[in-house]
Amino acid sequence: MSLYEIDVSSNTLLEFVPGLPRGIEYLHLENNDITSLPLNPSPDLDLPALRMLDLTKNKIETIPGGSFLTMPLLRKLYLGKNVLRKVEDASFKGLGRLETLDLSENGLNNLSPSVFKDQSELRDLNLGDNRLNVLVPDTFMYSPRLKKLNLTKNSLSEILPGTLNKNTELQMI
């Protein structure tokens, strides 16, 4: 028997759990006091079978570029209710199979045009309850399969023409 799911939610963890089994598929770390992710390459992030990672409601301030490179099967990533102010261009690099990404309730005020460059399979993106004020055309162009985009409770004053042109499967904004 092998362990495939770990739930250590609602504790007082200050860091990502070290020494997890590489075969773990579902990891729940929500509602802790985690402030950062280990810098890659880190054996603590070497989770090649991981399909879902929930880091909701922590105190994460930044996502270093390449943090998820050793999680190629990750399909769902929840980072809502943290204190992210910005995400780097390479923050989600290597997550080519990612389908769901929650960045809600963080205070993000802008997105780099290429932040979702590797997310061609992204279908559900939650950017609600942030401080975004402008969306530029390149932001979602690498995610043509996007079906659901939540932009509620932001400070949007402008969505530039062409921003959603590549998102022909979009069903809900």
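1. Let's start with one rung of the sheet in this predicted model. Leucine 101 has leucine 125, in S6, as its bridge partner. That rung belongs to the pairing of S5 with strand S6 (residues 124-126), which runs in the parallel sense over three bridges.

2. Now step back to the whole sheet. Seven strands make up an open sheet with parallel pairing, and their order is S1-S2-S3-S4-S5-S6-S8. S1 and S8 stand at the edges with a single partner strand each, so one side of each has no neighbour in the sheet. On average, neighbouring strands of this sheet are turned by 5° against each other, direction ignored.

3. Next, the nonpolar core. Which residues have the most contacts inside the largest nonpolar core? They are Phe16, Leu53, Leu77 and Phe92, in a core of 41 residues. As background, nonpolar side chains in soluble globular proteins tend to be buried together.

4. Phenylalanine 92 is a good residue to click on. Leaving aside neighbours within four places in sequence, phenylalanine 92 is in contact with Ile63, Phe68, Leu77, Leu79, Val87, Leu101, Leu103, Val115, Phe116, Asp118 and Gln119. You have already met two of these: Leu77 is among the residues with the most contacts in the core, and leucine 101 is the bridge partner of leucine 125.

5. Is isoleucine 34 buried or exposed? Isoleucine 34 counts as buried because its relative accessible area is 0%, under the 20% cut-off. You can find isoleucine 34 in the loop between strand S2 (26-28) and strand S3 (52-54). Apart from residues up to four places away in sequence, isoleucine 34 touches Leu13, Leu14, Glu15, Phe16, Leu29, Leu55, Asn58, Lys59 and Ile60. Take leucine 13 from that list: leucine 13 and isoleucine 34 are 21 residues apart in sequence, and their C-alpha atoms are 6.0 Å apart in space.

6. On to the charged side chains. How many salt bridges does the structure hold? There are seven. One of them joins the side chains of arginine 51 and glutamate 25, at 3.6 Å from N to O. This pair links distant parts of the chain, 26 residues apart: arginine 51 is in the loop between S2 and S3, and glutamate 25 is in the loop between strand S1 (5-7) and S2. Arginine 51 is partly exposed at 29% relative accessible area, and glutamate 25 is partly exposed at 25%.

7. Glutamate 99 and arginine 75 form another salt bridge through their side chains (3.3 Å, N to O). Glutamate 99 sits in the loop between strand S4 (76-78) and strand S5 (100-102), and arginine 75 in the loop between S3 and S4, so the pair ties together parts 24 residues apart in sequence. Glutamate 99 is partly exposed, with 24% relative accessibility, and arginine 75 is partly exposed too, with 28%.

8. Further along the chain, lysine 147 and glutamate 169 meet in a salt bridge of 3.9 Å, N to O. Lysine 147 lies in the loop between strand S7 (134-135) and strand S8 (148-150), while glutamate 169 lies in the segment after strand S9 (158-159), so this pair ties together parts that are 22 residues apart in sequence. Lysine 147 is partly exposed at 31%, as is glutamate 169 at 34%.

9. One last charged group to look up: Glu121, Arg123 and Arg145 are linked in a network of salt bridges.

Terms used
Residues are numbered from 1 along each chain as its sequence is written. This is a predicted model: local features need pLDDT of at least 70, side-chain atom pairs count only at pLDDT 80 or more; totals for chains, interfaces and linings use all residues. Side-chain values use heavy atoms; hydrogens and water are left out. Helices (H or I, at least four residues) and strands (E, at least two) are DSSP runs, numbered from the N terminus. Buried means under 20% relative accessible area, exposed over 50%, partly exposed in between (1.4 Å probe, protein chains only). Contact means heavy atoms within 4.5 Å. A nonpolar core is a set of buried Ala, Val, Leu, Ile, Met, Phe, Trp, Tyr and Cys residues joined through side-chain atoms within 4.5 Å. A salt bridge is a side-chain nitrogen of Lys or Arg within 4 Å of a carboxyl oxygen of Asp or Glu. Two strands pair if DSSP finds at least two bridges between them. Axes are lines fitted to C-alpha atoms, for helices over the stretch in contact, and angles run from 0 to 180 degrees between N-to-C directions.
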